[in-house]
Amino acid sequence: QLFRRNVSDELLKEILQNPRVHTWKGYKKRPRIEGYPYGHHTGDFEEGEYIDEEEDYRNRLLQYDREKDEIAVKERRVLQALKVIDDKRANEAANMKAKMDQRVEEFMQIQREEEEAKLRERRKKEEAEYRARCTCNVCDRVFVNEHAKNQHYQASHVFTCDYCGKKFMSRNSLNQHQNSLDHY
């Protein structure tokens with residue numbers, strides 16, 4: 001009441017003696033309605049019922065604080081529930097990553113084993129080809145290289161015609177010679 005404008009000296013003295021004195025200024029009358037959150041609404045006012053506006057605002061503020069605290073509690077509960085869900089999902093993601101890493105390692109191991117098997121097969125094939133190239137066709141002796149095989153062949157396996165004594169480098173050449181000249 002002290003901060004009201006256009007207050008007369010007499011009214012000011014009365015307010016200073018009793019600060020709660022009703023000046024009929026700054027007050028609004030509102031009907032109280034049962035069940036309405038703040039006990040009033042913006043409707044028609046009834047004669048004779050007056051409500052202190054300051055007290056009404058303070059009560060509203062207290063009610064808002066209580067509601068805010070209730071909302072904060074609910075918000076904390078929701079956040080805690082979300083954290084549990086997020087932790088569970090993070091754990092599932094970590095487990096899935098570990099499984100995927102394990103599967104990738106298994107796949108890589110299988111791939112290495114397949115490559116090693118292919119390499120062994122290729123080496124066996126190359127070894128067989130090498131043996132075929134370096135093996136004497138007459139005596140089946142295996143040599144270090146083709147040159148050594150050819151030297152062996154020329155030195156050890158000279159084919160001589162029994163009839164005329166002519167020497168040939170291969171049995172096929174000797175057979176052709178004998179067939180052409182009828183040396184049997």
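Here, buried means under 20% relative accessible area, exposed over 50%, and partly exposed in between (1.4 Å probe, protein chains only). By that yardstick, 15% of the 184 residues of the protein chain count as buried. This is a predicted model, in which local features need pLDDT of at least 70 and side-chain atom pairs count only at pLDDT 80 or more, while totals for chains, interfaces and linings use all residues. Residues are numbered from 1 along each chain as its sequence is written, and side-chain values use heavy atoms, with hydrogens and water left out.

**Confidence and overall layout**

pLDDT is the predictor's confidence in each residue, from 0 to 100. For the protein chain the mean is 80, and 78% of the residues reach 70 or more. Helices (H or I, at least four residues) and strands (E, at least two) are DSSP runs, numbered from the N terminus. On that basis the chain has four helices and two strands, and going from the N terminus the order is α-α-α-β-β-α. Helix α2 (residues 53-133) has the highest mean pLDDT among the elements, at 92, and helix α1 (residues 9-17) the lowest, at 78.

One stretch calls for some caution. Over residues 38-45 the pLDDT stays under 50, and the model has 22 contacts beyond four places in sequence for them; contact means heavy atoms within 4.5 Å. Across the protein chain, taking contacts with a separation of 6 or more, 13% are between residues 24 or more positions apart.

As for surface, the protein chain exposes about 15,900 Å², with carbon and sulfur atoms supplying 51% of it. Accessible areas come from the Shrake-Rupley method with a 1.4 Å probe, and for residues only the protein chains shown count as cover.

**Salt bridges**

Next, the charged pairs. A salt bridge is a side-chain nitrogen of Lys or Arg within 4 Å of a carboxyl oxygen of Asp or Glu, and the whole structure has six of them. Three are listed here, among them pairs set along helix α2.

| Salt bridge | Closest N and O atoms |
|---|---|
| D87 with K83 | 3.0 Å |
| E127 with R131 | 3.7 Å |
| R133 with E146 | 3.3 Å |

The R133 and E146 pair links distant parts of the chain, with R133 in helix α2 and E146 in helix α3, 13 residues apart. D87 and K83 sit about one helical turn from each other, because they are four residues apart in helix α2. E127 and R131 also lie four residues apart in helix α2, about one turn of the helix.

How exposed are the partners? D87 is partly exposed at 41% relative accessible area, and E127 is partly exposed at 41% too. R131 comes in at 43%, so it counts as partly exposed. R133 is partly exposed at 39%, and E146 is partly exposed at 39% as well.

**Cysteines and H152**

A disulfide is a pair of cysteine sulfur atoms within 2.5 Å, and by this rule there are zero disulfides. C161 is in none, with the nearest cysteine sulfur, that of C164, 3.7 Å away. C161 has 2% relative accessibility, so it is buried. C134 is buried as well, at 1%.

H152 belongs to helix α3 (residues 146-156). With a relative accessible area of 10%, H152 is buried. Beyond its neighbours within four places in sequence, H152 contacts C136, C139, R141, F143 and H157.
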